[in-house]
Amino acid sequence: MASNGETMATVRIIGTPMDYGANRRGVDMGPSAIRYGGLADELERAGVESVDAGDLFVPRAEERDPDATPPSEGNAKFLREIEDVCSRLADEVAGTIDDGLFPLVLGGDHSVAIGSMNGSARDATLGAIWFDAHADLNTPRTSPSGNVHGMALAAVLGRGVFGDFEWAHAPAVRESSVAYVGLRSIDDRERALVRDSEMTAFTMSDIDERGITAVVEDALEVATTGTDGIHVSLDLDWLDPNAAPGVGTPVRGGVTYREAHSALETVSKRHDRDNVVRSMDVVEVNPILDEANETAGLAAELASSAFGKRIL
Ligand SMILES: NC(=[NH2+])NCCC[C@H](N)C(=O)O
Ligand SMILES: [Mn+2]
Ligand SMILES: [Mn+2]
């Protein structure tokens, strides 16, 4: 993530057009919308080389074999479809890192992070920063919706039934190395899970009080301490709906356009110094709900800020 591309590895874009985790509502069109929103140009302007691996194959649920294992686990909708996609995504991400490239995964709903993080954590202990309005820490037992995007982080951490699923649980991601930034919408049963966890949770109130830079610097400390590198997971509903209307689960009171850029620049500056970021995903862009592709364009811009784009 060097500002002028001196030390930044080539970025490999991996589209994952999956909407199963959001109960199939259009977020599968995110990868095309983000590309159309100017991702390659934005990266080029940041001085970052990129290659596009195209999109992972995501079968339509109607085509699944009716004799295969049951589609869901308890209340978790489309869990088998998500397992199939995330297992292949994990291989892609791990292979990309092996090739010395930097995986940038375009979602898709937030359950793609299960695949990205499992791939990134295959040969390394991995910290993470979760930029999101939501904690995504439900399990099939606690989820009010049954939507796996609200369980993505719980899956990676092996909580509840996910502890039995090798494709979901990444033991090389320790809870104490995960930091949330920007939380503001947590379900009743999820609140205790977050409070009792070993994760560090920076809410919107923390950002109000301390400013985005101090909070992101602390989050970087949490995620880099005792790990080989970090995963950056960017859910576009982290931003205020004024800036990012094209998401399935918008929540008022999010970060502004400027705060978002500033946060990712802070990540990028740290990466310039210490080469800490291993992988990133940009998720939850829903073109059906967007206004003239604004949210997808913003996703492209924010990715390039993360990779070193500067104003001057
Ligand atoms: N990645 C997301 N947008 N997650 C939204 C989750 C919403 C809610 N907490 C749920 O479990 O259904
Ligand atoms: Mn999320
Ligand atoms: Mn969210």
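**Ligand shell and the α3/α4 pair**

H110 sits in the loop that links β3 (102-107) to α4; helices (H or I, at least four residues) and strands (E, at least two) are DSSP runs, numbered from the N terminus. The model is a predicted one, so to speak of local features requires pLDDT of at least 70 and side-chain atom pairs count only at pLDDT 80 or more, while totals for chains, interfaces and linings use all residues. Residues are numbered from 1 along each chain as its sequence is written, and chains are lettered from A and ligands numbered from 1 in the order in which they are written.

H110 turns up again around ligand 1, where 15 residues form the surroundings and H110, H134, S145, H149 and G150 come nearest (near meaning a C-beta atom, placed from the backbone, within 6 Å). By class, this shell holds one nonpolar, nine polar and five charged residues; Ala, Val, Leu, Ile, Met, Phe, Trp, Tyr, Cys and Pro count as nonpolar, Asp, Glu, Lys and Arg as charged, and the others, Gly among them, as polar.

The unreviewed UniProt entry marks H110, D132, H134, D136, D235 and D237 as "binding site"; such positions follow the numbering used here, feature names are shortened, and annotations may be inferred rather than shown by experiment. These residues span 128 residues in sequence, but no two of their C-alpha atoms are more than 12.2 Å apart, so they gather at one spot.

As for the helices, V85, L89 and I97 are among the α3 residues that meet α4, whose contacting residues include V112, I114 and G115 (contact: C-beta atoms, placed from the backbone, within 7 Å). Nine nonpolar, five polar and two charged residues make up this contact.

Methods
Two residues are in contact if their C-beta atoms, placed from the backbone, lie within 7 Å.
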